Amino acid sequence: MTRILIEALTGVWTGSTHGNPKMIGKQVRSVGNPADDRLTENVVVVKTHQPDVKPLRWKDAKRVIFIIRDPLSAIPSAHNAKWEVGSKIKMHTGQAPEISWINWRDSFFDLHLRKWRTTLQYWNTQYSYPGKRIVVVYEDLVHNVTGPIIAEKIMTFLGQGIIPLKDVPCIWQKVVRGSAEKVHRPRKYTPKFKSEHMLRVISDLDKLLNTTTDEPNLLRALTRYKNNAQKRLENGSSCQVGC
C-alpha cells in the first residue's frame, strides 16, 4: 500500500530488495512497473525488510523512510503472505485459515519477533541526522486524520511530488481507503497469541524503550504497542486456549 501511495504522489516507480517469482499479483498497482522484484535502479524508493536474520543486501540508500508497525499485526501479515505464495493465490486477497496461523505461529513466532526487533534496531541507528530520515508509524499512516498529513510529509521528504499539496488528502483517500479492498486482506478472524507470546513482545518492547533514541514517533509507537500487548494479555480475548 505504501508503495502505491508513493507512486501516486511522485509519478515514479518504486522498487524492492526482495521478491518471489511465485508471488501472484504481488502489487495491485495502477502506476508502476509490475516486474519490479529486486528492482533498485531508476526508482524513487526501494522497499526492504532487511536486515532481519540476513544482512542488508542493498546499501546505496542516502535517506530513509523508516516505517514501524505493531508486531502483533506485522507477524500475522507475514504469515498471510507466505500462505498466499504457498497456496498460489493473488497476494493480499486472502487470510490464511486459522489452523494454519496457529501451527505457523507456534513454530515461527520467536523467529519473526526477532526479525522485527533486529530490523527496528538497525534502522533506528541509521540516517538519524536531520533531513536524512523520517519515522512513519503505520497505524498513523492508515488513520483518517493523521494519514493525509503523513502522506504530505513523505512527498515533501522525497522532494519529487507531482501532486499539489492541497490534493494530497484526495490521493491518500483514493489509495489508502479506495484501494483497501484490493490491497488489504479480508479478515475472517483475529489472530490469537499465547500468553507466552504476549510476554515476549512486552519484554522486547521494554528493552527497546529503555535503549532506543529520543525519536518521539518511535517512542510513541513502541509505547502504544506495549500497551496494546498488555491489554490483550489482561483481557484474554486475543489469547489462544491454553494461555
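A charge sits over a ring if NZ of Lys or CZ of Arg is within 6 Å of the ring centre and within 35 degrees of the ring normal.

**View 1. Arginines over aromatic faces in a predicted model.** Arg-63 lies over the face of Phe-157, 4.4 Å from the ring centre. Arg-69 takes such a place over Tyr-138, at 4.4 Å from that ring centre. The model is predicted, so local features need pLDDT of at least 70 and side-chain atom pairs count only at pLDDT 80 or more, while totals for chains, interfaces and linings use all residues. Residues are numbered from 1 along each chain as its sequence is written, and side-chain values use heavy atoms, leaving out hydrogens and water.

**View 2. The Trp-104 and Phe-108 pair.** The whole structure holds six aromatic pairs (rings of Phe, Tyr and Trp, the last by its six-membered ring, with centres within 6.5 Å; planes under 30 degrees apart are stacked, over 60 edge-to-face, the rest tilted). Trp-104 and Phe-108 form a tilted one: 5.9 Å centre to centre, 40° between the planes. Both residues lie in helix H3, residues 98-124 (a DSSP run of H or I, at least four residues, numbered from the N terminus). They are four residues apart, about one turn of the helix. Trp-104 is buried at 11% relative accessible area (buried is under 20%, exposed over 50%, partly exposed in between; 1.4 Å probe, protein chains only). Phe-108 is partly exposed, at 37%.

**View 3. The Tyr-122 and Trp-123 pair.** This pair is edge-to-face, 4.8 Å centre to centre, with 90° between the planes. Tyr-122 is partly exposed at 27%. Trp-123 is buried at 10%.

**View 4. An aromatic cluster.** One cluster joins Trp-101, Trp-104, Phe-108, Phe-109 and Phe-193.

Conventions
Helix = DSSP H or I, 4+ residues; strand = E, 2+ residues; numbered from the N terminus.
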